[in-house]
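Reader: I should like to understand the reasoning behind the terms applied to the aromatic rings of this model. Please set each value against its criterion.

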Amino acid sequence: MEVPTGMRASTMQRRCERLRQSIVDHRRRTEQERRAFEQFRREVAAVADQLDQGSGGEPVVSSMGADTVVAGWTQPLMTPAVTAQEQLREAFAGTIMALPFYDEEYGEGFPEAIEGEFGPSVAAGLTDRDCFGPHLIAGLLRGIKQSQRAREVLLETCDREREAIDALSAKLPGFARELAQVDALQLGEIDFGALEAHWRRLETIATQCGRLATRRQRVISRQRAQYQLAAEEPDIYEYLYRGYPVSYPMLAMITMTIAAVRDRQRALMGAMGACDG
(Lines give C-alpha, C1' and ligand atoms only; values in the text may rest on other atoms or scores of the structure.)
Protein backbone atom coordinates (compact mmCIF):
# COMPACT_ATOMS: atom_id res chain seq x y z
CA MET A 1 0.00 0.00 0.00
CA GLU A 2 1.51 3.34 -1.05
CA VAL A 3 1.92 5.93 1.68
CA PRO A 4 -0.23 9.02 0.97
CA THR A 5 1.76 12.26 1.04
CA GLY A 6 -0.31 13.55 3.97
CA MET A 7 0.58 10.50 6.06
CA ARG A 8 4.33 10.70 5.66
CA ALA A 9 6.22 11.40 8.88
CA SER A 10 7.99 14.39 7.33
CA THR A 11 4.66 15.86 6.22
CA MET A 12 3.16 15.37 9.68
CA GLN A 13 6.17 17.10 11.22
CA ARG A 14 5.91 20.05 8.83
CA ARG A 15 2.22 20.41 9.56
CA CYS A 16 2.90 20.50 13.27
CA GLU A 17 5.60 23.12 12.71
CA ARG A 18 3.21 25.22 10.66
CA LEU A 19 0.58 25.03 13.39
CA ARG A 20 3.17 25.96 15.97
CA GLN A 21 4.29 28.97 13.93
CA SER A 22 0.69 30.11 13.52
CA ILE A 23 0.27 30.13 17.29
CA VAL A 24 3.59 31.94 17.78
CA ASP A 25 2.45 34.64 15.34
CA HIS A 26 -0.95 34.98 17.02
CA ARG A 27 0.66 35.21 20.43
CA ARG A 28 3.09 37.90 19.31
CA ARG A 29 0.31 40.00 17.83
CA THR A 30 -1.93 39.50 20.84
CA GLU A 31 0.84 40.60 23.21
CA GLN A 32 1.36 43.71 21.10
CA GLU A 33 -2.37 44.43 21.31
CA ARG A 34 -2.35 43.96 25.07
CA ARG A 35 0.50 46.45 25.42
CA ALA A 36 -1.22 48.90 23.07
CA PHE A 37 -4.38 48.80 25.19
CA GLU A 38 -2.31 49.44 28.30
CA GLN A 39 -0.76 52.51 26.65
CA PHE A 40 -4.22 53.63 25.55
CA ARG A 41 -5.49 53.19 29.12
CA ARG A 42 -2.71 55.44 30.44
CA GLU A 43 -3.53 58.13 27.92
CA VAL A 44 -7.24 57.94 28.74
CA ALA A 45 -6.42 58.26 32.45
CA ALA A 46 -4.30 61.32 31.68
CA VAL A 47 -7.19 62.95 29.81
CA ALA A 48 -9.48 62.13 32.72
CA ASP A 49 -7.09 63.92 35.09
CA GLN A 50 -7.14 66.98 32.84
CA LEU A 51 -10.91 67.02 32.84
CA ASP A 52 -11.04 66.66 36.65
CA GLN A 53 -8.79 69.67 37.00
CA GLY A 54 -10.46 71.89 34.41
CA SER A 55 -14.08 70.80 33.95
CA GLY A 56 -16.69 73.39 34.76
CA GLY A 57 -19.74 71.25 34.12
CA GLU A 58 -21.33 68.44 36.02
CA PRO A 59 -23.24 65.62 34.28
CA VAL A 60 -26.70 64.49 35.25
CA VAL A 61 -26.40 60.75 34.69
CA SER A 62 -28.95 57.96 34.42
CA SER A 63 -28.32 54.25 33.87
CA MET A 64 -29.94 52.06 31.22
CA GLY A 65 -28.76 48.45 31.48
CA ALA A 66 -25.04 48.22 30.80
CA ASP A 67 -24.92 51.73 29.24
CA THR A 68 -24.50 55.02 31.05
CA VAL A 69 -26.53 57.85 29.53
CA VAL A 70 -26.16 61.58 30.12
CA ALA A 71 -29.58 63.09 30.77
CA GLY A 72 -28.23 66.66 30.92
CA TRP A 73 -25.55 69.02 32.18
CA THR A 74 -25.63 71.62 34.94
CA GLN A 75 -23.48 73.81 32.67
CA PRO A 76 -22.76 73.53 28.93
CA LEU A 77 -19.64 71.62 28.02
CA MET A 78 -16.94 74.00 26.88
CA THR A 79 -13.76 73.68 24.84
CA PRO A 80 -11.86 71.42 27.31
CA ALA A 81 -14.33 68.59 26.74
CA VAL A 82 -14.13 68.98 22.99
CA THR A 83 -10.35 68.94 23.21
CA ALA A 84 -10.55 65.84 25.42
CA GLN A 85 -12.63 64.04 22.81
CA GLU A 86 -10.02 64.82 20.17
CA GLN A 87 -7.26 63.63 22.50
CA LEU A 88 -9.03 60.34 23.08
CA ARG A 89 -9.57 59.82 19.37
CA GLU A 90 -5.91 60.55 18.69
CA ALA A 91 -4.85 58.25 21.53
CA PHE A 92 -6.82 55.32 20.08
CA ALA A 93 -5.51 56.00 16.59
CA GLY A 94 -1.96 56.32 17.90
CA THR A 95 -2.00 53.09 19.93
CA ILE A 96 -4.47 50.43 18.78
CA MET A 97 -4.89 51.53 15.18
CA ALA A 98 -1.14 52.18 14.85
CA LEU A 99 -0.28 48.50 15.34
CA PRO A 100 1.67 47.33 12.28
CA PHE A 101 -0.80 44.54 11.52
CA TYR A 102 -3.99 46.48 12.31
CA ASP A 103 -5.21 46.90 8.73
CA GLU A 104 -4.52 43.27 7.88
CA GLU A 105 -6.16 41.93 11.03
CA TYR A 106 -9.14 44.28 11.36
CA GLY A 107 -9.33 46.64 8.39
CA GLU A 108 -11.81 48.91 10.21
CA GLY A 109 -12.12 52.67 10.36
CA PHE A 110 -12.26 54.58 13.64
CA PRO A 111 -16.05 54.42 14.25
CA GLU A 112 -16.27 50.68 13.53
CA ALA A 113 -13.20 49.90 15.62
CA ILE A 114 -14.45 51.86 18.63
CA GLU A 115 -17.92 50.31 18.50
CA GLY A 116 -16.48 46.83 18.05
CA GLU A 117 -14.30 47.17 21.13
CA PHE A 118 -16.39 49.33 23.46
CA GLY A 119 -19.99 49.30 22.26
CA PRO A 120 -22.30 51.87 20.65
CA SER A 121 -22.55 54.30 23.60
CA VAL A 122 -18.80 54.84 23.84
CA ALA A 123 -18.56 54.96 20.05
CA ALA A 124 -21.18 57.70 19.93
CA GLY A 125 -19.38 59.64 22.64
CA LEU A 126 -16.09 59.56 20.75
CA THR A 127 -17.47 60.28 17.29
CA ASP A 128 -20.25 62.80 18.04
CA ARG A 129 -19.35 65.98 19.93
CA ASP A 130 -22.92 66.35 21.17
CA CYS A 131 -22.69 62.96 22.91
CA PHE A 132 -19.35 63.46 24.60
CA GLY A 133 -18.94 64.17 28.29
CA PRO A 134 -16.53 63.35 31.12
CA HIS A 135 -18.88 60.53 32.14
CA LEU A 136 -17.64 58.69 29.05
CA ILE A 137 -14.22 58.18 30.57
CA ALA A 138 -15.43 55.64 33.16
CA GLY A 139 -17.20 53.57 30.52
CA LEU A 140 -14.17 53.73 28.25
CA LEU A 141 -11.84 52.60 31.02
CA ARG A 142 -14.15 49.68 31.80
CA GLY A 143 -14.15 48.75 28.12
CA ILE A 144 -10.36 48.91 27.97
CA LYS A 145 -10.13 46.59 30.95
CA GLN A 146 -12.42 44.10 29.21
CA SER A 147 -10.37 44.33 26.02
CA GLN A 148 -7.18 43.71 27.96
CA ARG A 149 -8.72 40.70 29.67
CA ALA A 150 -9.84 39.31 26.31
CA ARG A 151 -6.23 39.52 25.10
CA GLU A 152 -4.97 37.85 28.26
CA VAL A 153 -7.41 34.98 27.71
CA LEU A 154 -6.19 34.64 24.13
CA LEU A 155 -2.58 34.58 25.33
CA GLU A 156 -3.45 31.79 27.76
CA THR A 157 -5.21 29.92 24.95
CA CYS A 158 -2.17 30.29 22.70
CA ASP A 159 0.04 28.81 25.42
CA ARG A 160 -2.27 25.82 25.81
CA GLU A 161 -2.41 25.37 22.03
CA ARG A 162 1.37 25.33 21.87
CA GLU A 163 1.41 22.53 24.44
CA ALA A 164 -1.25 20.59 22.49
CA ILE A 165 0.73 20.95 19.26
CA ASP A 166 3.89 19.76 21.01
CA ALA A 167 2.02 16.70 22.28
CA LEU A 168 0.74 15.98 18.79
CA SER A 169 4.18 16.45 17.28
CA ALA A 170 5.58 13.92 19.74
CA LYS A 171 3.08 11.26 18.58
CA LEU A 172 1.80 11.56 15.03
CA PRO A 173 5.09 11.55 13.04
CA GLY A 174 6.11 8.38 14.90
CA PHE A 175 2.79 6.76 14.10
CA ALA A 176 3.23 7.73 10.45
CA ARG A 177 6.62 6.01 10.40
CA GLU A 178 5.09 2.84 11.80
CA LEU A 179 2.39 2.91 9.12
CA ALA A 180 5.08 3.27 6.48
CA GLN A 181 6.77 0.17 7.88
CA VAL A 182 3.54 -1.78 7.54
CA ASP A 183 3.18 -0.53 3.97
CA ALA A 184 6.62 -1.92 3.16
CA LEU A 185 5.64 -5.45 4.23
CA GLN A 186 5.01 -8.24 1.75
CA LEU A 187 1.82 -9.40 3.42
CA GLY A 188 1.52 -12.59 1.39
CA GLU A 189 4.89 -13.78 2.67
CA ILE A 190 4.21 -13.26 6.40
CA ASP A 191 2.77 -15.89 8.73
CA PHE A 192 -0.47 -15.45 10.66
CA GLY A 193 1.20 -14.69 14.00
CA ALA A 194 3.30 -11.85 12.57
CA LEU A 195 0.29 -10.40 10.76
CA GLU A 196 -1.72 -10.48 13.97
CA ALA A 197 1.10 -8.76 15.87
CA HIS A 198 1.14 -5.93 13.32
CA TRP A 199 -2.66 -5.67 13.54
CA ARG A 200 -2.53 -5.42 17.34
CA ARG A 201 0.14 -2.73 17.21
CA LEU A 202 -2.04 -0.74 14.84
CA GLU A 203 -4.95 -1.17 17.23
CA THR A 204 -2.81 0.36 19.99
CA ILE A 205 -2.04 3.32 17.73
CA ALA A 206 -5.74 3.74 16.91
CA THR A 207 -6.59 3.70 20.62
CA GLN A 208 -3.99 6.36 21.40
CA CYS A 209 -5.23 8.51 18.52
CA GLY A 210 -8.78 8.04 19.75
CA ARG A 211 -7.79 9.40 23.14
CA LEU A 212 -6.07 12.38 21.50
CA ALA A 213 -9.18 13.06 19.42
CA THR A 214 -11.50 12.81 22.43
CA ARG A 215 -9.31 15.17 24.44
CA ARG A 216 -9.23 17.66 21.59
CA GLN A 217 -12.96 17.51 21.05
CA ARG A 218 -13.56 18.13 24.74
CA VAL A 219 -11.37 21.24 24.61
CA ILE A 220 -13.35 22.59 21.66
CA SER A 221 -16.73 21.73 23.17
CA ARG A 222 -15.83 23.22 26.55
CA GLN A 223 -14.85 26.53 24.97
CA ARG A 224 -18.02 26.70 22.90
CA ALA A 225 -20.17 25.91 25.94
CA GLN A 226 -18.33 28.48 28.07
CA TYR A 227 -19.14 31.29 25.65
CA GLN A 228 -22.56 29.86 24.72
CA LEU A 229 -21.77 29.91 21.02
CA ALA A 230 -24.44 28.97 18.51
CA ALA A 231 -23.61 26.25 16.00
CA GLU A 232 -22.94 28.77 13.22
CA GLU A 233 -20.73 31.02 15.36
CA PRO A 234 -16.96 30.53 15.04
CA ASP A 235 -14.99 29.71 18.18
CA ILE A 236 -11.53 30.77 19.22
CA TYR A 237 -9.88 27.77 17.54
CA GLU A 238 -11.49 28.57 14.20
CA TYR A 239 -10.14 32.10 14.66
CA LEU A 240 -6.63 30.90 15.43
CA TYR A 241 -6.53 28.56 12.43
CA ARG A 242 -8.68 30.55 10.02
CA GLY A 243 -6.03 30.37 7.29
CA TYR A 244 -6.28 26.56 7.12
CA PRO A 245 -8.54 24.55 4.81
CA VAL A 246 -10.23 22.93 7.84
CA SER A 247 -11.55 24.56 11.01
CA TYR A 248 -9.77 22.21 13.41
CA PRO A 249 -6.47 21.12 11.82
CA MET A 250 -5.18 19.19 14.84
CA LEU A 251 -8.36 17.15 15.04
CA ALA A 252 -8.20 16.58 11.27
CA MET A 253 -4.64 15.23 11.53
CA ILE A 254 -5.68 12.80 14.25
CA THR A 255 -8.75 11.51 12.40
CA MET A 256 -6.70 11.14 9.22
CA THR A 257 -4.23 8.98 11.14
CA ILE A 258 -7.04 6.81 12.53
CA ALA A 259 -8.45 6.34 9.02
CA ALA A 260 -5.00 5.32 7.72
CA VAL A 261 -4.64 2.82 10.57
CA ARG A 262 -8.03 1.25 9.78
CA ASP A 263 -7.09 0.93 6.09
CA ARG A 264 -3.98 -1.01 6.98
CA GLN A 265 -5.77 -3.15 9.51
CA ARG A 266 -8.21 -4.18 6.80
CA ALA A 267 -5.30 -5.15 4.57
CA LEU A 268 -3.79 -7.18 7.40
CA MET A 269 -7.13 -8.88 8.09
CA GLY A 270 -7.34 -9.83 4.43
CA ALA A 271 -3.88 -11.37 4.55
CA MET A 272 -4.74 -13.20 7.80
CA GLY A 273 -7.85 -14.58 6.14
CA ALA A 274 -5.75 -15.90 3.30
CA CYS A 275 -3.51 -17.64 5.84
CA ASP A 276 -6.55 -19.35 7.39
CA GLY A 277 -7.59 -20.57 4.00
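Author: The following exchange concerns aromatic pairs, burial and charges over rings in this predicted model.

Reader: What makes Phe-40 and Phe-118 an aromatic pair, and why is the pair called tilted?

Author: The ring centres of Phe-40 and Phe-118 are 6.3 Å apart, and the rule asks for centres within 6.5 Å, so the two rings pair. Their planes are 35° apart; stacked requires under 30 degrees and edge-to-face over 60, so this pair is tilted. By this rule, the count comes to seven aromatic pairs.

Reader: Where in the chain do these two residues lie?

Author: Phe-40 belongs to helix α1 (residues 9-54) and Phe-118 to helix α4 (residues 110-118), 78 residues apart, so that the pair links distant parts of the chain. Both Phe-40 and Phe-118 are buried. Ring pairs also join them with Phe-37, Phe-92 and Phe-110 in a cluster.

Reader: Why is Tyr-102 called buried, and why is Tyr-106 called partly exposed?

Author: The relative accessible area of Tyr-102 is 3%, and buried means under 20%, so Tyr-102 qualifies. Tyr-106 has 30% relative accessibility; this value falls between 20% and 50%, so Tyr-106 is partly exposed. These two tyrosines form a tilted aromatic pair, 5.4 Å centre to centre with 35° between the planes.

Reader: How do you know that the charged end of Arg-89 sits over the ring of Phe-110?

Author: The charged end of Arg-89 is 4.5 Å from the ring centre of Phe-110, which satisfies the distance limit of 6 Å. Arg-216 likewise lies over the face of Tyr-237, at 5.0 Å from the ring centre.

Terms used: Residues numbered from 1 in each chain as written. Predicted model: local features only at pLDDT ≥ 70, side-chain atom pairs only at ≥ 80, totals over all residues. Heavy atoms only, no water. Phe/Tyr/Trp six-rings, centres within 6.5 Å; stacked < 30°, edge-to-face > 60°. Helix = DSSP H or I, 4+ residues; strand = E, 2+ residues; numbered from the N terminus. Buried < 20%, exposed > 50% of the residue type's maximum accessible area, 1.4 Å probe, protein only. Lys NZ or Arg CZ within 6 Å of the ring centre and 35° of its normal.
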